Amino acid sequence: MAYKRRGFIYRGVKVLPRQTCGLYTHTFLKSNFPGGLRRLTESARGGEIFDIIVHNPISIFMTHISNYGHDRFAQYLLTEVADFLHTWTNLQLSSVPPKRLASEYFALFPEQEQPIWLDPCRDPRHHKIWSKENFCYNLPNAIIIGPQKTGTTALLDFMTMHPSISRNANTQHFEEMQFFSGKNYNKGLQWYMQYFPTIHNETNVTIVYNYSKPYDEPSHIILEKSATYFDSFDAPLKMWRLLPSVKVIAILIDPAKRAYSWYQHQLAHKDPIAMSITFRRLVLHARSSSKKSRFALRRHSLNPGMYAEHLGRWLKFFAPSQLLVVDGEELAENPVRVMERVQAFLNVTVLDYGKMLRKSPKKGFFCKVVGGHTKCLGKSKGRDYPRMKVSTWKFLKKFYSIPNQKLGDLLRKLHMPLPRFLQSSQERSLQ
């Protein structure tokens, strides 16, 4: 419906949503209007245009100049709807200059200030005005969404060993794009697209976008990984609007372990807030702390572990068939079996990762085999740190008990396997 359109602000330019009133270039004579004058009148008197104005505190209509000549449709339609509103409602109509209108609009709808990017290649009208320097097949069709400290970097490392999977180049300072969950979103679509490879077919010709079948399975996977997407409130909507057919991969480990790993990660990076408080005090007492910084650290440690809540938000936009939930514990212990499922999910040729991965005695986890030698992730991965205190562990197990129960219910409803931290000992023995 037209009244669901939204405005946005880009580089200081305020763009307001234009509503449709049913008048087009060719409708300047009664004989040209579908349904005739009666249908146009019905639209004003309780019909579509009336409905649009009632649902919008601010309405902007554009009619072509031809609608003001000949049979004067524009004057007729707007006069009819104004008279009907005055007679049958208590609405007060007013008109203001454009700059003031824009200011009042975004005062009413501040959540619309940030633009929502769409894929210009999915509509031939948009693609026609899209820069010829841009290609349609250099947007990701698979994304690892996190959460952080669950093994996302290892999974990315293993997946990009496959010849049919390419990933984005690193940005200037970071490995992750964090486009849908941070300030990089404001840099625009072209900033995002520049980091992805342009895919060519076997004859080295750039693939031409097929508008009639935009959701066909791609022959090559372009992969992105940003672990901050998982628990971001806005990321699911933003990603869906740009990449509605993307395949999404989440990795889950015991949320108590994930929270402790995040805290240790902050310690290793000399975060002053983490260094000022023990993990036990952070999870038990920081929620009532007057220091906002400690409260924020606690939230970043604990909130991503509310897995069912975050997955539910993703499933509002993406079908279950577009979501793969990976057991992070299984990825660490049996990555070959996990990679079989990942390859099947992405519909790429299934390779034997048993020949491509090897457990490093020094690191204690699986690494890539390159040229006959193991190549492991850097020193920041797989750190050793002190065991969590038993009392803290018990607190977190109770803290996450209900969220974990909701996660189990959700995964069973979706007919997805439970990660090991949700399984009973009996369920594990049957695997």
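This report describes the fold of a single chain, from its overall make-up to its sheet, its hairpins and several individual residues.

**Overall make-up**

The model is a predicted one, and its chain contains 18 helices and ten strands. Of the 431 residues in the chain, 44% are buried. The chain exposes about 24,400 Å², and carbon and sulfur atoms supply 54% of that area. When contacts with a separation of 6 or more are considered, 72% of them are accounted for by residues 24 or more positions apart.

**The parallel sheet**

Strands of a sheet pair through backbone hydrogen bonds, in either a parallel or an antiparallel sense. Here, five strands form an open sheet with parallel pairing, and their order across the sheet is S4-S5-S3-S6-S7. Strand S4, residues 165-167, and strand S7, residues 323-327, stand at the edges with a single partner strand each, so one side of each is left without a neighbour in the sheet. From one strand to the next, the twist averages 25 degrees.

Within this sheet, strand S3 (residues 142-146) and strand S5 (residues 221-225) run parallel and are joined by three bridges. One residue of this pairing can be named on each side, since Ala142 has Leu223 in S5 as its bridge partner.

**Two hairpins**

Other strands of the chain pair in the antiparallel sense, beginning with strand S8 (residues 357-359) and strand S9 (residues 366-370), which do so over three bridges. Lys359 has Phe366 in S9 as its bridge partner. These two strands, S8 and S9, form a hairpin with six residues between them, and in the turn Gly364 has a positive phi of about 85 degrees.

Strand S9 also takes part in a second pairing, in which three bridges join S9 to strand S10 (residues 373-375), the two running antiparallel. In this pairing, Lys368 stands opposite Lys375 in S10. The hairpin of S9 and S10 has two residues between the strands, and Gly371 takes a positive phi near 60 degrees there.

**Backbone angles outside the strands**

Most residues other than glycine have a negative phi, and most peptide bonds are trans. Which residues other than glycine have a positive phi, Gln178 among them? Gln178 has a phi near 50 degrees, and Asn347 has a phi near 60 degrees. Gln178 is found in the loop between S4 and helix H7, residues 189-193, whereas Asn347 is found in the loop between helix H15, residues 335-346, and S8.

The peptide bond from Gly146 to Pro147 is cis, with omega near 0 degrees. Pro147 lies in the loop between S3 and helix H6, residues 152-159.

**Exposure of selected residues**

The following table collects the relative accessibility of several residues.

| Residue | Relative accessibility | Class |
|---|---|---|
| Leu91 | 41% | partly exposed |
| Gln178 | 31% | partly exposed |
| Asn347 | 51% | exposed |
| Pro236 | 0% | buried |
| His310 | 1% | buried |

Asn347 counts as exposed because its relative accessibility is 51%, and the class begins over 50%. Leu91, at 41%, counts as partly exposed, and this residue is found in the loop between helix H3 (73-88) and helix H4 (98-108). Together with Val54 and Leu93, Leu91 makes a nonpolar surface patch of about 260 Å².

**Two buried residues and their contacts**

Where in the chain is Pro236 placed? Its place is in helix H8, residues 235-242, and at 0% relative accessibility Pro236 counts as buried. Not counting residues up to four places away in sequence, Pro236 touches Arg313, Trp314, Phe317 and Phe318. The C-alpha atoms of Pro236 and Leu315 are separated by 8.6 Å, although the two residues are 79 residues apart along the chain.

The second buried residue is His310, with a relative accessibility of 1%, and its place is in helix H13, residues 307-315. Which residues are in contact with His310, leaving aside its neighbours within four places in sequence? They are Phe230, Asp231, Asn303 and Pro304.

Key. Residues numbered from 1 in each chain as written. Predicted model: local features only at pLDDT ≥ 70, side-chain atom pairs only at ≥ 80, totals over all residues. Heavy atoms only, no water. Pairing = 2+ DSSP bridges. Helix = DSSP H or I, 4+ residues; strand = E, 2+ residues; numbered from the N terminus. Patch = residues over 30% accessible without salt bridge, like charges linked within 9 Å, V, L, I, M, F, W, Y side chains within 5 Å. Areas by Shrake-Rupley, 256 points an atom, 1.4 Å probe, with all protein chains shown as cover. Salt bridge = Lys/Arg side-chain N within 4 Å of Asp/Glu carboxyl O. Buried < 20%, exposed > 50% of the residue type's maximum accessible area, 1.4 Å probe, protein only. Axes fitted to C-alpha atoms, helices over the stretch in contact; angles between N-to-C directions. Contact = heavy atoms within 4.5 Å.
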